[in-house]
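Please look through the structure shown here. The report that follows takes it region by region.

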Amino acid sequence: MTTDLPRRVNRRAGFPESELEKCGLKLETGAPVTGAVAAGDAVALASGDGTVRFFHPETDPTVTMAHNGAVLCLAADGDHVLTGGDDGRFLRVSHKGQVEEIANFGSRWVDCVAAGHGQRACSSGRTVHVWRDGKATAASLEHASTVGGLAFDAKGRRLAATHYGGATVWERGQRRWRPSKLVWKGSHGAVSFSPDGRYLVTAMQENALHGWRLRDKSHMTMQGYPAKIKSLAWVGGAPHLATSGADEAICWPFDGKDGPMGRTPLCVAHGGKRLATCVQSLSEENAVFAGFQDGAVLLAELDEAKDAVVVRGSTGAEVTAIATTRSLSHVLIGDAKGGVLWTTLWEGEAHARTV
Amino acid sequence: MDKPAQIPVTVLTGFLGAGKTTLLNRILTEHHGKRYAVIVNEFGEEGIDNDLVVDADEEVFEMNNGCICCTVRGDLIRILSGLMKRGDQFDAIMVETTGLADPAPVAQTFFVDQDVADRTRLDAIVTVADAVHLDAQLGEHHEAEEQVAFADVVLLNKTDLVEADGLERVEARIRKINPYAKIIRTARCAASLDEVLGLNAFSLDRVLEMEPDFLTSDHDHEHDDEVASVSFVSETPLDLDRFQEWFGNLLQQRGQDILRSKGILDFSGHRDRYVFQGVHMLMDGSPMGPWPEDGPRMSRMVFIGRNLESMGLKEGFEACRAT
């Protein structure tokens with residue numbers, strides 16, 4: 001990895017504008033960016049004004065007015081995206097601007113969405129609704145409190161929903177979904193299965209992660225963060241789980257028999273005194289993007305001895321979304337004030353090619 | 001880093017039928033040119049006329065930090081965070097609670113969740129009380145006492161339906177629970193909105209306005225279970241270490257019974273006034289500039305809660321005096 005971050009840089013003053021930024025496309029969308037995800041060859045970006053934008057490496061970005069209010073959540077569904085909004089609608093949006101309403105919950109928000117192998121799920125209040133390809137009616141999965149996070153495993157056979165007091169893993173049977181409860185005191189939000197499906201990890205209301213080894217429901221607590229963890233990403237082959245919530249990307253090892261238990265995490269992409277608010281994997285490159293509360297985005301290998309590169313300098317607005325195209329050609333960064341950077345990762349003077 | 005502006009949040013509490021929705025609709029229709037987001041509970045009885053009304057299930061969560069009285073409103077964290085994602089912003093947010101709600105988890109949410117605290121601020125807890133029924137409700141429901149105890153403003157409503165001496169009696173009852181709340185007598189919630197909104201009652205600045213006149217400690221012996229208040233004054237400066245040890249232990253052990261606490265303190269060897277306020281065992285405090293030159297340096301402290309008599313507060317406070 002190239003080092004364009006001098007060791008004695010005055011990090012209090014913020015990171016300088018990067019070369020990648022100078023050759024990229026910058027937009028001021030006017031509304032907070034609420035999420036970004038790779039969809040087909042493009043990257044989709046959701047905003048607080050209800051719009052969904054698609055950024056394609058070859059063509060100009062498109063804008064679709066999808067929700068009448070904020071887009072609260074976003075997930076890729078092939079080359080489409082699923083979105084949930086505070087207008088109570090669960091939508092499927094294409095890059096051509098077609099909007100299909102899957103469901104409408106009226107004054108109840110759609111808080112979480114997930115997609116996997118032709119299945120489309122959303123949560124509104126305490127209920128998760130799951131549609132299977134080709135079926136008009138949804139299965140309704142009930143929980144004791146409002147659902148805070150929703151995720152399919154890699155095979156689409158299990159669906160995890162988090163709530164107060166733990167998580168419920170629903171396993172798809174022939175006729176119905178069967179629940180299995182994972183109990184841990186406190187309120188749980190964002191959730192993710194490890195890529196091999198052996199672990200489930202949740203971000204808690206407290207400044208901590210909680211994990212379960214699904215085989216025996218044994219617990220893993222990962223704590224000591226100075227702030228709430230808003231973002232999780234699986235990185236590299238081991239894999240590591242990269243997390244926000246500290247002044248660098250905290251990456252827990254999930255290889256071996258016991259995963260991160262009794263081991264220390266790798267800490268990369270140090271941001272000075274700023275807190276990381278968003279992480280994203282540069283998949284297959286064993287590298288992680290870390291976005292910070294001052295708008296800076298660093299890219300670092302999972303190697304504490306190596307320095308990070310600046311992808312985006314400090315702008316003053318918290319990074320709320322980072323996504324790369326599936327081909328890893330481009331990265332999209334969005335912030336809480338509506339600033340967007342869309343740039344290639346592989347061109348320009350100080351590119352990140354040597355990762 | 002740019003610090004985003006904090007949007008004020010007004011919490012409306014009060015028993016069913018006291019007039020919360022009437023007040024809410026007055027605020028929404030009379031404050032022209034202001035944009036509000038309104039968070040209502042599922043049991044709201046009347047329609048609310050506003051662009052943005054959000055339905056909430058009141059979900060009270062215990063924080064997993066070993067403290068049984070540290071509860072928050074999980075739905076508020078979710079909804080306030082969601083509202084901050086919208087492109088268009090609001091001048092203020094109103095939260096209407098159910099009649100039987102305990103205001104503590106609402107207030108504690110603003111202490112505990114960093115995102116909520118960064119982007120919003122609790123402006124005031126406004127309790128709408130029914131002048132006809134409050135007396136009976138206070139006797140029957142803990143929640144009614146709590147709503148009065150937490151109030152920054154008590155809107156004593158339906159005063160047209162009560163005789164003058166009855167009104168005096170109910171006001172005295174409110175005063176006994178919470179001598180620091182501002183009581184506004186109204187019929188049909190016809191209070192001036194400036195008395196209800198934009199109060200900044202939870203800012204430490206406002207603690208400085210605590211009237212020393214109120215702070216006389218002449219309380220009857222209360223029934224143990226009743227909410228009451230006590231206050232203490234010391235002209236001798238306090239010792240910081242002793243105070244921290246005593247007060248820390250007190251909140252840790254008795255925080256469940258201490259609903260609200262406030263104080264302005266003079267620590268020996270410190271130039272600045274130290275100001276704090278707390279809800280149960282959560283506390284926010286900081287030095288607030290030097291003492292005024294023309295006034296006395298005097299530590300003052302107020303507690304509102306249950307079983308205060310059994311906490312040895314007076315002795316504890318007096319033992320903090322620097323010698």
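## A strand pair at the sheet edge

Which residue in E27(A) is the bridge partner of Leu299(A)? The partner is Val309(A). The model is predicted, and this pairing is read from its atoms. Leu299(A) belongs to strand E26 of chain A, residues 297-301. E26(A) and E27(A) run antiparallel and are joined by 3 bridges.

These two strands are part of an open sheet of 4 strands in chain A, in the order E24-E25-E26-E27. The pairing in the sheet is antiparallel. Strand E24 (276-282) and strand E27 (309-312) of chain A are the edges, and each pairs on one side only. On average, neighbouring strands of the sheet are turned by 30 degrees against each other, direction ignored.

## Strand E17 of chain A and its partners

In a regular strand the side chains alternate between the two faces of the sheet. Are the faces of E17(A) covered or open? Both are covered. On one side Tyr199(A), Val201(A) and Ala203(A) are buried. On the other side Leu200(A), Thr202(A) and Met204(A) are buried too. The strand spans residues 199-204, and 6 of its 6 residues are buried.

E17(A) has an antiparallel partner in strand E16 (residues 177-193) of chain A, with 4 bridges between them. Phe193(A) stands opposite Leu200(A) of E17(A). The hairpin of E16(A) and E17(A) has 5 residues between the strands. In this hairpin Gly197(A) has a positive phi, near 75 degrees. E17(A) also pairs with strand E18 (residues 208-213) of chain A, again in the antiparallel sense, over 5 bridges. Here Thr202(A) faces His210(A) of E18(A). The hairpin from E17(A) to E18(A) passes through 3 residues.

## Nonpolar cores

The largest nonpolar core holds 113 residues. Ala44(A), Val113(A), Ala249(A), Cys251(A), Val288(A), Ala290(A) and Leu298(A) touch the most other members. Strand E15 (residues 158-172) of chain A gives the largest share of this core, 6 residues. Another core, of 87 residues, lies apart from it. Its members include Phe90(B), Phe110(B), Met281(B) and Leu308(B).

What does Ala249(A) touch, leaving aside its neighbours within four places in sequence? Its contacts are Ala242(A), Val268(A), Ala269(A), Ala276(A), Val279(A), Val288(A), Ala290(A) and Ala300(A).

## Where the chains meet

Chain A brings 30 residues into contact with 19 residues of chain B. E16(A) supplies the largest share of the chain A side, 3 residues. By class, the chain A side has 8 nonpolar, 14 polar and 8 charged residues.

## Two helices of chain B

Two packed helices are described by the angle between their axes and the distance between the axes. Helix H3 (residues 103-112) and helix H6 (residues 142-150) of chain B pack at about 40 degrees, with axes 9 Å apart. That angle makes H3(B) oblique to H6(B).

From H3(B), Pro103(B), Ala104(B) and Ala107(B) take part in the contact. They meet Glu146(B), Gln147(B) and Phe150(B) of H6(B). The contact has 4 nonpolar, 1 polar and 1 charged residues.

## A buried strand residue in chain B

Ile304(B) sits in strand E14 (residues 299-305) of chain B. Why does Ile304(B) count as buried? It has 24 other C-beta atoms within 10 Å, and the cut-off is 20 or more.

Not counting residues up to four places away in sequence, Ile304(B) touches Ala149(B), Asn178(B), Val227(B), Ser229(B), Leu259(B) and Arg260(B). Its C-alpha atom is 17 Å from that of Glu171(B), 133 residues apart along the chain.

## Backbone geometry in loops

The peptide bond from Ala238(A) to Pro239(A) is cis, with omega near -10 degrees. Pro239(A) lies in the loop between strand E20 (232-235) and strand E21 (240-243) of chain A.

In chain B, Lys158(B) has a positive phi near 65 degrees, though not a glycine. Its loop lies between strand E8 (153-157) and helix H7 (164-177) of chain B. Lys158(B) counts as buried because it has 21 C-beta neighbours inside 10 Å. His280(B), also a residue other than glycine, has a positive phi near 50 degrees. His280(B) is in the loop between strand E12 (272-279) and strand E13 (282-290) of chain B. With 25 other C-beta atoms within 10 Å, His280(B) is buried.

Note on methods. Residues are numbered from 1 along each chain as its sequence is written. Chains are lettered from A and ligands numbered from 1 in the order in which they are written. This is a predicted model: local features need pLDDT of at least 70, side-chain atom pairs count only at pLDDT 80 or more; totals for chains, interfaces and linings use all residues. Axes are lines fitted to C-alpha atoms, for helices over the stretch in contact, and angles run from 0 to 180 degrees between N-to-C directions. Angles under 35 degrees count as roughly parallel, over 145 as roughly antiparallel, 65 to 115 as roughly perpendicular and the rest as oblique. Two residues are in contact if their C-beta atoms, placed from the backbone, lie within 7 Å. Ala, Val, Leu, Ile, Met, Phe, Trp, Tyr, Cys and Pro count as nonpolar, Asp, Glu, Lys and Arg as charged, and the others, Gly among them, as polar. A residue is buried if 20 or more other C-beta atoms lie within 10 Å of its own, exposed if 12 or fewer, and partly exposed in between; C-beta atoms are placed from the backbone. Two strands pair if DSSP finds at least two bridges between them. A nonpolar core is a set of buried Ala, Val, Leu, Ile, Met, Phe, Trp, Tyr and Cys residues joined through C-beta atoms within 7 Å.
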